[in-house]
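Work through the three exercises below with the model open. Each task is followed by a solution in steps.

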Amino acid sequence: MSAPLESVVIGAGQAGLSASFHLGRRGIDHVVLDAGDAPGGAWQHRWDSLTMADVHGVASLPDSETPGAPGRANSVVPAYFGAYERDHRLPVIRPVRVDRVEPTEDDLLVVRAGSRAWRTRTIVNATGTWSQPYVPFYPGAATFAGEQLHTRGYPGPEPFRGRRVVVVGGGASAVQLLGELAMVVDEPERDLIWVTRREPVWRTDRFDQEAGTAAVALVEERVRRGLPPASVVSVTGLMLRPQEEAARRLGVYDRRLPMFASIEPSGVRWADGTLREADVILWATGFRPAVAHLAPLRLRSEHGGIQLDRHGTTAVADPRVQLVGYGPSASTIGANRAGRFAARGVASWLDANSDSSDSRSGRPVGSTISPLRT
Ligand code: FAD
């Protein structure tokens, strides 16, 4: 067990790296614990067919430039993150999967990972959502004789050639995967079915910065009230990109069906008795925040989410905890911004809760911090 740190960042994706950069700028003594074997956060696990031309834009980490290089997102972004960690000498330790964060009687937090533990005064949680794919329950799912997979395990379109596929989900991933699958199934009208629980909301106007800010504000409002965060796309609406044009012409996006009622060995069945046979069910049903390791801190509000303060990163139930990449900051732009706010939140808490004999950082109470570039 090491001496207490001023902060521990959990997760080294966009949010964790941004937080570490800003903590470092403020002279805050910290480590970054990351479960991955290599740099890149969730980007290293994205499917091979996702290129830099397909992503909506990866924001530049603080004090750097996103590589303009084309290529697969799962190699370009991890290489960028790896270089960033090295160039900025970020104190990343991996692979370390945090199991639990516990409060101690002497007002510290203990971050546990197997037999290892770090004592710290604050944490910045930046664990993303990739490790928590969400698949809703439907009766009979276990009896399906074909293949079921979640977006997380999508191998690209090729393995679906000539197969009958049901795509479930109303988000951006479903739209993107339908666009790819339409090109490999034999007859899209017969072999590719799109099913959603709710009517998708299509965006007809341009998605500019103002619209983005308004969408993020809606998710922020939910989190401020302690509700579980909605996905940002649920408030931005869906758009077809040039890559999806061929699928649109094939009518893929017009043939959406309401949710089926059950799953059978040969396919999916609706409440009115209709059966559609299928070889594959592809669940593009999103992810949930990976926060189970924070359970001992009892951060959840009565509404089921973790309530964050008006600055959007500090947990109301325990201000030693910052959450970044959570809810409104679950995008690369949001994660960058949240990293900066989280470092400010950590600094405020340390300043407000230090006694003048605290010499760990050599930073006396109420001291000014090094100026930040924003
Ligand atoms: P992640 O990148 O998931 O990083 C989390 C890190 O935490 C990982 O390294 C993981 O190993 C680690 N971790 C998890 N649990 C633990 C644990 N218990 N202990 C230790 N470490 C742990 N956003 C955009 O802005 N533009 C886009 O084009 C875009 N495209 C996307 C495409 C897809 C398919 C998906 C799923 C998301 C996309 N997003 C996009 C969202 C964006 O990728 C994320 O919101 C953003 O990268 C924030 O990352 P993060 O740091 O919060 O999480």
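For counting by class, Ala, Val, Leu, Ile, Met, Phe, Trp, Tyr, Cys and Pro are nonpolar, Asp, Glu, Lys and Arg are charged, and the others, Gly among them, are polar. The model is predicted.

**Exercise 1. The ligand site**

Describe the shell of residues around the ligand by class, then find polar contacts to the ligand.

Step 1. Take residues with a heavy atom within 4 Å of the ligand. There are 29 residues around the ligand, and Asp 34, Arg 46, His 56, Val 98 and Thr 332 come nearest.

Step 2. Sorted by class, the shell holds 14 nonpolar, 12 polar and 3 charged residues.

Step 3. Look for pairs of N or O atoms within 3.5 Å. The side chain of Asp 34 has an N or O atom 2.7 Å from an oxygen atom of the ligand. The backbone also takes part: an N or O atom of Ala 35 is 3.0 Å from a ligand nitrogen atom, and one of Ala 330 is 3.2 Å from a ligand oxygen atom.

Step 4. On its own the ligand has 1,000 Å² of accessible area, of which the protein covers 86%.

**Exercise 2. A helix pair**

At what angle do helices α1 and α8 pack, and which residues meet?

Step 1. Locate α1 at residues 14–25 and α8 at residues 332–352.

Step 2. Their axes are 7 Å apart, at an angle of about 40 degrees. The crossing is right-handed.

Step 3. From α1, Gln 14, Ala 15, Ser 18, Ala 19, His 22 and Leu 23 meet residues of α8 that include Thr 332, Gly 339, Arg 340 and Val 346.

Step 4. By class, the contact has 6 nonpolar, 6 polar and 1 charged residues.

**Exercise 3. Backbone exceptions**

Where is the cis peptide bond, and which residue other than glycine has a positive phi?

Step 1. Recall that most residues other than glycine have a negative phi, and most peptide bonds are trans.

Step 2. The cis bond joins Arg 94 and Pro 95, with omega about -5 degrees. Pro 95 sits in the loop between β3 (92–93) and β4 (100–103).

Step 3. Arg 89 has a positive phi, near 50 degrees. Its place is the loop between α2 (73–87) and β3.

Technical notes:
Residues are numbered from 1 along each chain as its sequence is written. This is a predicted model: local features need pLDDT of at least 70, side-chain atom pairs count only at pLDDT 80 or more; totals for chains, interfaces and linings use all residues. Side-chain values use heavy atoms; hydrogens and water are left out. A polar contact is a pair of N or O atoms within 3.5 Å; within protein, one must be able to donate a hydrogen and the other to accept it, and residues adjacent in sequence count only if both atoms are side-chain atoms. Accessible areas come from the Shrake-Rupley method with a 1.4 Å probe; for residues, only the protein chains shown count as cover. Axes are lines fitted to C-alpha atoms, for helices over the stretch in contact, and angles run from 0 to 180 degrees between N-to-C directions. Helices (H or I, at least four residues) and strands (E, at least two) are DSSP runs, numbered from the N terminus. A crossing is left-handed if the near helix is turned anticlockwise from the far one by less than a right angle, and right-handed if clockwise. Contact means heavy atoms within 4.5 Å.
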